Structure formats: C-alpha cells, structure tokens
Amino acid sequence: MSQNKIGSVLIVGAGIAGIQAALDLAESGYLVHLVEESSAIGGTMPMLDKTFPTNDCSMCILSPKLVECGRHLNVRTYTNSQVVKTEGEAGNFKVTIKQKARYIDLEKCTGCGACAEACPVKVDDEFNQGLGKRKAAFKQYSQAFPNAYGIDEKNCLYQTRGKAKGKDICLKCVKACQAGAIDHQMEDKEFEVEVGSMILNPGFKIFDASRLDYYGYGKIKSVITSLEFERLLSASGPFDGHLVRPFDQKEPQKIAWIQCVGSRNAKINNNYCSGVCCMYAIKEAVIAKEHSHIPVDTTIFYMDMRTPGKDFEKYYNNAKNNQGVNFIRSRVYEVTEAKDDSGDACIRYSTEDGKICEDQFDLVVLSVGLEPGDSSKELAQMLDLKVNKFGFAELEPLSGVNTSKAGVFAAGAFSGPRDIPETVMQASAAAGAASALLSDERGTLVSEKEYPPELDVVGDVIRTGVFICHCGVNIGGVVDVPSVVEYAKTLPTVAYATDKIYACSQDAQASIKALISEQKLNRIVVSSCSPRTHEPLFQETLKEAGLNAHLFDMANIRDQCSWVHMHEPEKATEKAKDLTKLAIVRASMQQPVQPIFMSMNHTALVIGGGVAGMTSAVSLADQGYEVHLVEKDNALGGVARRFSTGFRGEDMKAFVAGLIDQVSNHPNIKLHVGVGIKDVGGFLGNFTTTLENGEQLAHGVALLTIGGQEYKPKEYLYGQDDRVMTQIEMDEAIYNHDPKVDNAKNFVFIQCVGSRSDENPYCSRTCCTKSVKLALKVKKKNPGANVFVLYRDMRTYGYYEEDYEEARRIGIIFVRYSENAKPVLSKEADTLVVTVTDHVLDRPIEIEADLVCLAAAIKAPADGKKLSKWFKIPLNAEGFFLEAHMKLRPVDFSTDGVFMAGIAHSPKNMEEVVAQAKAAAGRAGVALSQDQVESAGLNAFVNKRKCTACGTCEAVCSAKAVTVDMVNRVAVVNDALCKGCGACASSCRCGAISLRGCTNEQIVEMLNSL
Amino acid sequence: MGEIQVETENKKYEPKIAAFLCNWCSYAGADLAGVGRIQYPATIRTIRVPCSGRINPLYVLKAMANGADGVLVSGCHPGDCHYISGNYVARRKFALIKSLLNHVGLEEDRISFSWVSAAEGGRFAEVVKGVTERVSALGPNNGIFKVVDGGAADE
C-alpha cells in the first residue's frame, strides 16, 4: 500500500450505486471523481416506472439523489467519459480518463431543447429501449443531470458528412441555440486524476432476447422485453404512460410474462438466477392492472417463484390473492405469431403435470435477465480483476465489496445481479471501505459549500411562489393540476403559480431558483409528494437562491391525495386545492429560522456482537472512530459460531475467530461482553447508553446489529425424535461426525418450515441454498445415499443456481409440495416415514427417512421491541427493523444517527450480512465525520412579556429543555436540548411559549382558512 | 366552507375533517398508505405537527368553530413517541377537551383520537374510514355553540 495516500476516490459508473457511493464519500470529506459513460447520470433507475415492493415511482425517489449528487461541491462528474488507464496501488492511483466531445458546452447550455427541436435527424431512442425516437441533439431524459443536451456524433449530419470535408452541412442546432452553447469543433480530451481508491459500479446490460429464437423476440411485434414494458408504463415513456402495444397502439387486455429469459439457462452458459425478474414481473403485472382503464388479464409463466427479499412474499401473495394476477408454473416451449392477423402472440407451454397447452396474448413480456455490461468486462480486464465464468467480477470471500485488487471496491451488478436496495447497500459499504482505507486523508481535498448571503425578507411584502407537481401521472393522472394552479393564483400573498412535470428534477430546481429572483418571491410552496422525503431538496434550492430554508412549506398531494383517492379525481382535486391553501397560509406566516449547531460525539455504539456487529465495529474503527461493542451473551460471534462453512465454501469457524481477534485487538474498539443494556437516551451526536452494570457510554451514533432467532419447529416431530433436526443442528452434526448423519442412508430435507406460513408470512431467504449445500455435502460424502429435498419453490437465487443444478445432476431428488398438501412425518415403530404428494406423479409417495432436516425459519430478534422503545425506531409487522426507505435507505432508520445491519433487518446470508454491516458502518461514518450536528432550529421560544413563570412548560418538557428563571421570573429554552415537540407551547396557559415553524398563529390561521 | 355545503346538499354529504398528524408516526403512516395505494375517503385536510403533544385544545375548538365537521388527532402509539412523552401530554389534553365539548353539547363522535405508527398504512386508512363514517352519520356541523332551545348562536 502506498505511503502517500490521496483523499479522493474514483467512482466508475453513475447509476444508483455510483451516486450513493459518491454522496456518502463527498459528505464524509473525500473528493469524488464520478465517471459516467453516457451523457447523464442515473443509470437504469430512471428507465423504470415503479419499484417493488413499495410501488414507489422510480424517478421520484431517485430524483432528489440526482440533484444532490449533481450539485455537490465535492463530486466532480465526468459524463461521456471512460477510464482508459490506471496505475499505482491502493492509496495512490493515477487514472487517465477519456472524455468524448459532447459538442455542447455544459456551462452554457440551459437545457431548453431548441437544438433538439431544430435537429432534423431522428434515431431510435436508447433510453426508451428503441420504442420512441430522439434527435441527434438530445438529452437522455427530462430530469437528467447534467441538465444539458449533447450531440450524438454517429448520427449528426454535420459530424458525419460535413466536418471532415469542411462543408457547413445542416448546423441547424447552431442557429437554434440562443445560448451559443453548441461547438461542433469540440474535441475528445484525456486527463489524469489522482485518487486513493476506486469504486467500480458499471452496472449491467439486459440479456439480448433475440439470442433465444423460440421466444420470437425481434420477429413477433407483440413480444417485448420487460424493460420495454417499463417504458410503456412510464409517464415519461414513448406513449406518455398509456399502456398500448408499440406497433398498433392497441390497448392490451391480455398480457403474459415469461420468466427466466436468459437466466437459469445452462445451455447458453447463463446458469445463474438474475434474482430481480420474479419481483419486477409481479410488479409490472400489478401496475399494468392498476394503470389501464380497461380490465387487464395478466399471467406469469414461471418455473419457481423467487421472492425471497424483505416484504417480497407479501407482495407476491397480494398479487396472487387480491390483485388477480395468474401464476402458471410451466416450461414455455415457444412463442409464435397468432394466425388470426391480430398481431397477438401464442405461447405453447407444458404445465407441471406434463400437459401441453397453448394460449393467445395481446402482449408477451420477456423477463430478461441481467448480464455483465460490455464496459464492465473492459474495466475488469484493464484492472486485471478476477472475474467469474459469467464475466461478473469475483469478490473476495465474505468481504462484501473487495475485488481481487487492494483499494479497488465493487458495488451493484458489477459482481452479480442484484436489486436496488442491495446495490445501495453495497455502494455505502464500498464508500465505507474506501473511507477506512483513506481515513488519514479525510478532509484534505474537499471544499465547503458557500451559499449566497441570506436575503433579509423581514418586513417585506409577502410574495409566495407556488409550484404544483404532476409527478408524471402519479398526481396529474388523478388531480386536475392546472385547476389547482389557477386556484392557487387566487389566494392571498400568491405572486406566482405554475405546474411542473417533476418538481424535484434538476431543471425544475433551476427554474424555481430563477423565478425566486425574477419574481422577487420570498415564500415558496411546493405541492407534490411527502415533505418527509423531499423537503430537504427544496430547502436546499431556497438556500441557493438566498432565501432562508424555512420560508417554505409543502403540500402532500401525492402520497396523501392522488395515491389514496385514485378513483375520485374530483374530490382529490378539491383536497389538493385545500392542502395547497393550507401550505400557502403556513408558508406566508413563516419567518426565517437560523440553524442551531451542537457538538458531535465521534464515538459509535454497536449493539450485538455477531458477525454483523463485529464487521461494523471493525469498519468504523478502521475509519478512525472509537467504537463501543456491546454483546449481552458471554461470547462474541452470535449464531455464526454454529456454522461450519459459508455458502461459497468459506471456513466459517476461522472467519468468526478472525473477526473476534480483530475486535479484541483493535485499539479503537472497546468491548463490553456479557452485559446488556439498561437504558438509552439522547439523539444524533449525543447519545448516552447505560449498561446493566451501571456503566454509562456516551456516543454520537448507534448501530443495531442484534441478529435474529431460529424458529423452533412445532411440526414434523421436532423435539420428539432426535433424527429430526434443523439446518443449523444438522450442520453441527456433520461437523461433529455425529453417527446419526454418518450412518444415515435416506435423507429428507423439508423446506419452508415456519416460513411462508400464516405465522411468518415471509420467506427466510437462506434456507433453500442452505439445504442444497447440506444435501450436496451428504451426497458427495456418501454417493449411495438417497437424498430428497421437499420444497415449495427452490429459491437458489444468484449463483446458487449452480449448486441447485449440480444437486440435481448428481442425483439429489427434488419433490415439490404445495402449500395445502404439506408433507407428513410419521413414526411407524422406530421408522420415520415422510409422505408427500408428488406433483408430477400426482400421487403420494412414502420415504423411509434416517434423517430429516427441517429448514426452520429465521425469526426477528426478541430484543427488537426494547430497542424500538429506546431509540424510537419502528419495527415491521414481523418484528424486523423497519428502514427509513426500503429502496434507497436500506440501513438507515428514520431516526437520525441510528443504523441497522444483519438479520435484525431481514433474513439474509452471511455474505449479505457482511455487506450490510459495512454499509451501516459507511453510513454511520458519514454522520460521525461531521464536526457538528446541525439542527434546523425549529425550537420553542418564549414571549417574556406574556410569561408568568408558572412552570407548566418545565413540567411537561421531557427533554428538560425549559426551565424557569426564578430571578427574572421567566421561562428559558435551552436550544441545544429542545427537540421542538411543542408540548410546552400547547400547554402554556398564557400563550407565552410557541414553536418556530409551527406557531399558534399559523395553525389557527390554517384552521380559519379551512 | 359555506359554499361547499350548499354544493353538497344535493350530492351525498361529504364531511370535511381537520386532521392533525404527528410528523413521526401518523404522517409517516399516512404516507405509507399512499405507497400501498390503500384507498380511503378524501375527507381529511391534514395539518402536520411535530408531535401530537403540540396540539393545543384551542385548535380543536377553532376547527369546530370554523365549520369543520370533525377533527382527527393522530399520534404515535403510547410509548413510541419520538419526543418520549408528547403523546401522553396530548392524551391528557384530549380527555379534557372531549368532556368539555360534550358538556357544551357537541356530539362526541365528531372528534377522534387515534394512534397510528409509521408502519401502519392500512390502519391509517381504516382510521380515516372510521372517522368519516362516524362524522357522516352525524351530518354537517351546525356550529359548536348552537343552543337548541332557541337561544342565539354564540360564536
């Protein structure tokens, strides 16, 4: 490793992984060079319509991040760029970046689109998957950052025909551009940057479905890919969100999805499961039904339904039982064009019992898998990174993010297919790892953002600007947005009102800023989505325009209006008007509020000393922070102590011992083993936790990694016969050469014991792979053994598909049972007999078992409730921790300064636990790197003239922030302690105490306007 | 308000309910209902407050005096308050205001107090449905201090 470390990081690929890693690093004091091949950041997420399992609009949740990343002072974004050369070692790399000419000056371009309008060349639009057209002068999508156009030199008339010959061909864009931004003579340039570390997340490409000609893709017009379908659903798509067939604009009434196109296919060497397609197909089927104004019949043809993620099973059940999506377990033979000239497609398939059927559909969607992108391969080659046989980067075992080269980390689909939360987790983990590597250089290359001086608006005439968001069709599809705008214009103080397609986009922010100065606006109201997610974004815009961030309010006309009154457009519009009015009243009475700064304790507390807790502790300690690691058990290691090998054959005992060694000897880690927690108090920057032994720990952040519990089966004679054991017990038995295993001839594995049931309606994610691994172990040791796996859906996602295939190849027998006909285990004399109805034979079969292994569910931790109370954090219905946002904030709680990792969040395997633990440490590191904690300053304040020093406020304040000064006979608020709940203000008998941003006058005036 | 009442006379009566939601639990629960597309009547007009403890009894009186047909106050579950005990403060006040309003002759069902956590989107929708049904059954709010025996309305 280099001695001359550099406090900056190169990030290759600006999809959601690159953006998340860039923001984490830039926020914690590192300069980021973000390299993106295309002309805008965003990656695949902007192309998606909705995201599972929350059905959040993809663009809406991404947009704030795009804006934040785009305008972050310490993120240097290079679009149209590629890394062409790297040299050096961890801590100090020299990287050569080649930036292709954009032919439009980013500094001058205003994103007005006049060039595209004038451009005569129309080509297929890649962003819309070729379903629409774009010009040769184009912007990828309307919310893109940079908010600037670019010229596609391969299609531009001047670039292809005129430039070389020196002829002035076309050049219409030059004439059209008022800003003088177009420069056709621009040249590619190469430059060097010095960085301490690299994070690679070049993403994936979708499988080219035309490689499998039996699906008819490219030949039959009504056969499309799932990504094309996303564009059909999207409000910003080629048909403005009207669900129609691309070729004849007919509204489809019968749509089919075919799963595993290009995945789980050994013939084309794609013998892995892409992991995301089952969920996105269900989502598309549900959204299609929701989206279309005519009834739509949706059918999904699948082999195994793989919905093992958090809340995925519930989503699947809801689609199946409440939304009426049909699921057909089948093998599809071929897709042919219907003979009736309707343009439809026919699917010929065989069902599980061998029956061959055919059905005709208006539209057939191929659920295409994920493959390594072309640039991923080049990148891996250039850096000489280890790749697996599919071309994805191979990560170091149980590292979560480490590539085979020191100082180079991977995130997202670079190392294999993964969904958005896993990608975001890995990105934060990679950022944390880079931060740990470069901790000595933190803060050396960054600069601080400076805002224009704040305009003094006190006493000015109030001029409110109102922006009503369509949110694509999310709001605009239900609420009559233009009429809300017109209504807003009639309200007192409103000086300006307009609508926005996406109020959160980069161009909308620029326009709001410009309008603030043009129209001299001094209050801003945005009617869009939830202030809980978007308020900070708009407030940042206000600050950049020189307005105090609190001269603002939001009306939530999406989450709490258009989404919940979808079938009552008139009432929803009425409500949207009222909510907008309330926001205008509140905003017009807002006064500037100055933030309050409090000290930050740079120590972390990690609760739970299992693999997740220890991994987080080491990562934080390596980042240079003091860590208290508390474990209530008498030994570290958690449940992992009971495992022999990991899913990739890692020696688990050695791994856990290594971690214990690391945490025991790290100078920054203080262990508190064998002691529980008695109480917790405080908030971000200033927590105090009291241990059961009375010791008090002061810390700035907390990481909750308390693991889960193994379900103790009540079924299958568990506990009554010692030949029936859980997976963990069997693992131990194999490790200890238990004769019960060693001498057994007939093994039966029963899946979903306590999972996917009424009691635990979720999938425990790891058990299918674990059973396959255990089955392989016993079968390989004793090839004569008869091994049966009784399952509902084999969920060997990702590369574990290879194990499943190997298991079948070497003779392990897989028998599917249905939820309604569970296997029965009985004891005849001393013989264990398993009876199960085989779906192919359609008759019960009996297996005499020497050993029965139950795939027992993973349950939520018992201590979750206690922590929930102490840290004010929510749990989901099953008792697992509920994250701040399921897609984009997978390790954060909504309470600032508290983070989670491991099983307590949801069931996951060891590799995933490690990645999440590093992610939590990465996110906690971002918080700890701040010098001070900034609080908005929305605190209580006292009108001394009215105060009678009665002491009621002091009595109700649970934060002990208000005290009565008996000398001056007046109540005094301690701003550092006040948390702004307002209990004092509502209790004050003489109306002397009020709350900034939520004064009595404001609320009363809002009620008056109701 | 008056104008809307005239409008709705011919249609099915649709109440207007002022809803005070605490930022940390109930407002988040309401957002979650949206994310889950759980439909409920468009009767509430939300006022976001940091904590249910912020709600001054005066607000309830003001809302009723201004012609709201009902008031919903929703906070975190007991013990879950982001500010430790704000919801208990709210509960005490609420018990008081409820008996006062009862005393002056306001129908009890016009005002509701509930707990909805950030994870309870479905419950939030149910709460709104319940409140809407109860208030609808009572019909429009004819003024909080209206005296039935012919005395002058005092406002």
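# Reasoning about names and cut-offs in this predicted model

Me: Why is A:Tyr800 called buried?
Reply: In this predicted model, A:Tyr800 has a relative accessible area of 12%. A residue counts as buried when that value is under 20%, and 12% meets this condition, so the word buried applies to A:Tyr800.

Me: What makes the pair of A:Tyr797 and A:Tyr800 edge-to-face?
Reply: The ring centres are 5.8 Å apart and the planes stand at 85 degrees. Rings pair if their centres lie within 6.5 Å, and planes over 60 degrees apart count as edge-to-face; both conditions are met here, and therefore the name fits A:Tyr797 and A:Tyr800. A:Tyr797 is also buried, because its relative accessible area is 10%, which is under the cut-off of 20%.

Me: How many aromatic pairs does a search of the whole structure find?
Reply: The search finds 27 aromatic pairs over all chains. One of them joins A:Phe647 to A:Tyr800, with 5.4 Å from centre to centre and 80 degrees between the planes; since edge-to-face asks for over 60 degrees, this pair is edge-to-face as well. A:Phe647 belongs to the loop between strand E30 (626-631) and helix H17 (652-665) of chain A, while A:Tyr800 belongs to helix H21, so the pair ties together parts 153 residues apart in sequence. With a relative accessible area of 15%, A:Phe647 is buried.

Me: Which residues form one aromatic cluster?
Reply: That cluster is made of A:Tyr272, A:Phe390, A:Phe392 and A:Tyr799.

Me: How do you know that A:Arg264 forms a salt bridge with A:Glu801?
Reply: In general, side chains of opposite charge can pair when their charged atoms come close. For A:Arg264 and A:Glu801, the closest N and O atoms are 2.9 Å apart, and a salt bridge requires the nitrogen to be within 4 Å of the carboxyl oxygen, so the contact qualifies. A:Arg264 sits in the loop between strand E16 (254-261) and helix H7 (277-291) of chain A, and A:Glu801 in helix H21 (residues 800-809), so this pair ties together parts 537 residues apart in sequence. A:Arg264 and A:Glu801 are both buried.

Me: Where do A:Arg795 and A:Glu313 lie in the chain?
Reply: A:Arg795 lies in the loop between strand E39 (786-791) and H21 of chain A, and A:Glu313 in helix H8 (residues 312-321), 482 residues apart. Their side chains meet in a salt bridge at 2.8 Å, N to O, which is within the 4 Å cut-off. A:Arg795 is buried, and so is A:Glu313. A:Arg264, A:Glu801, A:Arg795 and A:Glu313 are among the residues linked in a network of salt bridges, which also includes A:Asp304 and A:Arg306.

Me: Why does B:Glu120 count as partly exposed?
Reply: The relative accessibility of B:Glu120 is 23%; buried would need under 20% and exposed over 50%, so B:Glu120 falls in between. B:Arg123, at 33%, counts as partly exposed by the same reasoning. The side chains of B:Glu120 and B:Arg123 meet in a salt bridge of 3.6 Å, N to O, a distance within 4 Å. Buried residues make up 55% of the 155 residues in chain B.

Me: What makes strand E25 and strand E27 of chain A edge strands?
Reply: The open sheet has 4 strands in the order E25-E24-E26-E27, with parallel pairing, and E25 (494-500) and E27 (552-556) each pair on one side only. From one strand to the next, the twist averages 15 degrees. Strand E26 (residues 523-528) pairs with E27 over 5 bridges, and since two strands pair if there are at least two bridges, that condition is met. One bridge partner of this kind is A:Met554 in E27, which stands opposite A:Val526.

Me: How many bridges join strand E1 of chain A to strand E13?
Reply: There are 4 bridges between E1 (residues 8-12) and E13 (residues 197-200), which run parallel; at least two are needed, so E1 and E13 count as paired. A:Val9 stands opposite A:Ser197 in E13.

How values were computed:
Residues numbered from 1 in each chain as written. Chains lettered and ligands numbered in written order. Predicted model: local features only at pLDDT ≥ 70, side-chain atom pairs only at ≥ 80, totals over all residues. Heavy atoms only, no water. Helix = DSSP H or I, 4+ residues; strand = E, 2+ residues; numbered from the N terminus. Axes fitted to C-alpha atoms, helices over the stretch in contact; angles between N-to-C directions. Buried < 20%, exposed > 50% of the residue type's maximum accessible area, 1.4 Å probe, protein only. Phe/Tyr/Trp six-rings, centres within 6.5 Å; stacked < 30°, edge-to-face > 60°.
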